[in-house]
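Subject: Structure for your review

Dear colleague,

Please find below the structure that I am handing over to you. My notes on it come after the coordinates.

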Amino acid sequence: MSTADNMPSLADEEYSYDVVPYPSHPFRQSHPERMATVGHLFGLSPAPVGKCRVLEIGCAAGGNLIPMAEALPESEFVGVDLSKKQIEQGEENISYLGLSNIQLLHMNCADIDESMGEFDYIICHGVFSWVSEEIQNRILEVCQNSLTEDGIAYISYNTFPGWHMRGMIRDMMSFHVRNVSEVPRRIQQARALLEFLAKSVSADRGAYGMLLNSELQLLRRQSDNYLFHEHLEKENTPLYFHDFVERAQEHDLQYLGESQLATMWTGNFPKEVAETLERIAPEIIQREQYSDFVRNRTFRQTLLCRKNAKLSRALKLESLDGAYVAGNLDEQIDRSKTTKPGDPRTFVNPLTRQTVSTQDPLVIHTVETLKECYPAAISFDDLFQSAIDKMVDGVIADATKIEALKRSLATNLIHMTVSGIIELQYNPSRFTVEVPEYPKTSGVARMQAANTTRLTNGRHETVQVDDLARHMVPLIDGTRDHAQLGEELKRLVDEGKLVIQTKGDKTANLPRDIVVKKAIEEVLQRLGKAAMLVQS
């Protein structure tokens, strides 16, 4: 009997995801660009993301894959999923966008074979822990058979020890709804149990009560589809990291790293913890497992590559050759202290909360340049030249000193990358921060704006836009200049679809044309800063 014959029937899998579709949206951590960066840093030569083949196992309606296909027209994308309903929705969106480099297939991952060819990148997000062990092995087998020589696979999964507590809550909810068959009632009853448990332990200051209450508060904020598929599905099998790696090794795959590099960096632990980890776990798999113990980790986004791929964990300055850098760092200023020239300055990434303190003017100028350019990435060479131009030290004209400064900056940037302060990529940004005469948003964003204010940007992220932007985005298609967009805005106001609200006395009595022009300029600037404007 074949592996496919042993799989649950299509109808079994189809039911839950068709009745309660899982949101289909972009996951930046799974983008080939992120995988390629980790591969470059650890010695691989991954395929350029601008011309590669990508497979996504469990693609749903293509919310993750379709934006990639539009942004990377010379690459090829294939998605497979068991939900016929979601595949059909994805196919409608592909047809609407007129994309020819992507196909979504209604099929079992067990049916993926050599006829589909090899892939440079394989994505499996939100699937592995939610299927049987047999299907998990099939996913690893697909990676084993279908990855190119320097190919990279991304697999996310729930992990112990953190999932022991969540698993306990899952067991409680499963018990509570064991005699309820209707999906809406199962969700309603699960939420009722959460409310009961939350009230029961709200005043408990013991270890159990505090830990349980923390998890309950997190779950109460989650959507119905998350609650159903994460906690009420038949399958949800977390595993320890070292077990996952051993399973991968059985399929001739090896651990490359994590999509979120900062989680691998022991320097993000307190010094004493980091030193102990280095001492008791000098080998990377052991160290990663002990790190999970310390963090009580619940979820991983692991990258795998072929067993025979030669990796180098020693980060090299040459990794920055051809690299682009992006960073959005705010300066932390202590108002209670009087600063003097030459004092250390501290910068923080507001998303990761990681900080860097430095007195080095080269690093300071670099951080300021990154902030000015963000969200766009800037090439390492341009970044270095910009920092040099800002420095006033006349002796840097010496070529030997310039090379030493460049290597020093490279060292600092690699450290800031692995610690989660900045990001590296190996291609220029595919969007523009500057607002052109004829601005343009992506086809995906224009399609999404018809129904929602949550749009996909050029960084493969979901961004929230206001109502004005949602109405304007479908019109920002590269065919209208600013004045024409202003006329469209007037039309929307006249039709009662939008109301322009003036702010304060300074704009309250301005002529309508001036108010409209100002509104258009402001919305375009906001879209540019949100990486929503693409190159025409």
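The notes below cover strands, salt bridges, a buried acid and a surface patch.

Please bear in mind that this is a predicted model.

Strand β7 and its partners

Strand β7 covers residues 299-306, and seven of its eight residues are buried. Strand β5 (residues 147-158) runs antiparallel to β7 and is joined to it by six bridges. Within this pairing, Ser-156 stands opposite Gln-301 of β7. Strand β6 (residues 253-258) is also antiparallel to β7, with five bridges between the two. Here Gln-254 has Cys-305 of β7 as its bridge partner.

The open sheet

Three strands make up an open sheet with antiparallel pairing, and their order is β12-β8-β13. The edges are taken by β12 (378-379) and β13 (423-425); each has a single partner strand, so one side of each is left without a neighbour in the sheet. Strand β8 (residues 324-326) is joined to β12 by two bridges. Val-325 has Ile-378 of β12 as its bridge partner. As general background, strands of a sheet pair through backbone hydrogen bonds, in either a parallel or an antiparallel manner.

Salt bridges

A search of the whole structure gives 28 salt bridges. One of them links the side chains of Arg-300 and Glu-288, with an N to O distance of 2.9 Å. Arg-300 belongs to strand β7 and Glu-288 to helix α12, so this pair ties together parts that are twelve residues apart in sequence. Arg-300 and Glu-288 are both buried.

Arg-297 and Asp-292 also meet through their side chains in a salt bridge, at 3.7 Å from N to O. Both Arg-297 and Asp-292 are buried.

A further salt bridge joins the side chains of Lys-406 and Asp-381 (3.0 Å, N to O). Lys-406 lies in helix α15 (residues 399-418) and Asp-381 in helix α14 (residues 380-390), so the pair connects parts that are 25 residues apart in sequence. Lys-406 counts as partly exposed, at 24% relative accessibility. Asp-381 is likewise partly exposed, with a relative accessible area of 47%.

In addition, a network of salt bridges links Arg-28, Glu-33, Glu-423, Arg-430, Arg-459 and Glu-461.

A buried acid without a salt bridge

Asp-120 is placed in strand β4 (residues 119-124). What is the nearest side chain of opposite charge to Asp-120, and how far away is it? It is Arg-53, at 6.7 Å, and Asp-120 is buried yet has no salt bridge. A salt bridge requires a side-chain nitrogen of Lys or Arg within 4 Å of a carboxyl oxygen of Asp or Glu, so this pair does not qualify. The side chain of Asp-120 does, however, reach the backbone nitrogen of Arg-53 at 2.9 Å.

A nonpolar surface patch

On the surface, Ile-280, Tyr-290, Phe-293 and Val-294 form a nonpolar patch, with about 350 Å² of accessible area together. Helix α12 (residues 284-295) gives the most to this patch, with three residues. Ile-280 is found in helix α11 (residues 271-280). The relative accessible area of Ile-280 is 40%, and Ile-280 is therefore partly exposed.

Yours faithfully

Notes. Residues are numbered from 1 along each chain as its sequence is written. This is a predicted model: local features need pLDDT of at least 70, side-chain atom pairs count only at pLDDT 80 or more; totals for chains, interfaces and linings use all residues. Side-chain values use heavy atoms; hydrogens and water are left out. Two strands pair if DSSP finds at least two bridges between them. Helices (H or I, at least four residues) and strands (E, at least two) are DSSP runs, numbered from the N terminus. Patches are made of residues with over 30% relative accessible area and no salt bridge: like charges are joined within 9 Å, nonpolar side chains (Val, Leu, Ile, Met, Phe, Trp, Tyr) within 5 Å. Accessible areas come from the Shrake-Rupley method with a 1.4 Å probe; for residues, only the protein chains shown count as cover. Buried means under 20% relative accessible area, exposed over 50%, partly exposed in between (1.4 Å probe, protein chains only). Lys and Arg count as positive and Asp and Glu as negative; His and the chain ends are not counted. A polar contact is a pair of N or O atoms within 3.5 Å; within protein, one must be able to donate a hydrogen and the other to accept it, and residues adjacent in sequence count only if both atoms are side-chain atoms.
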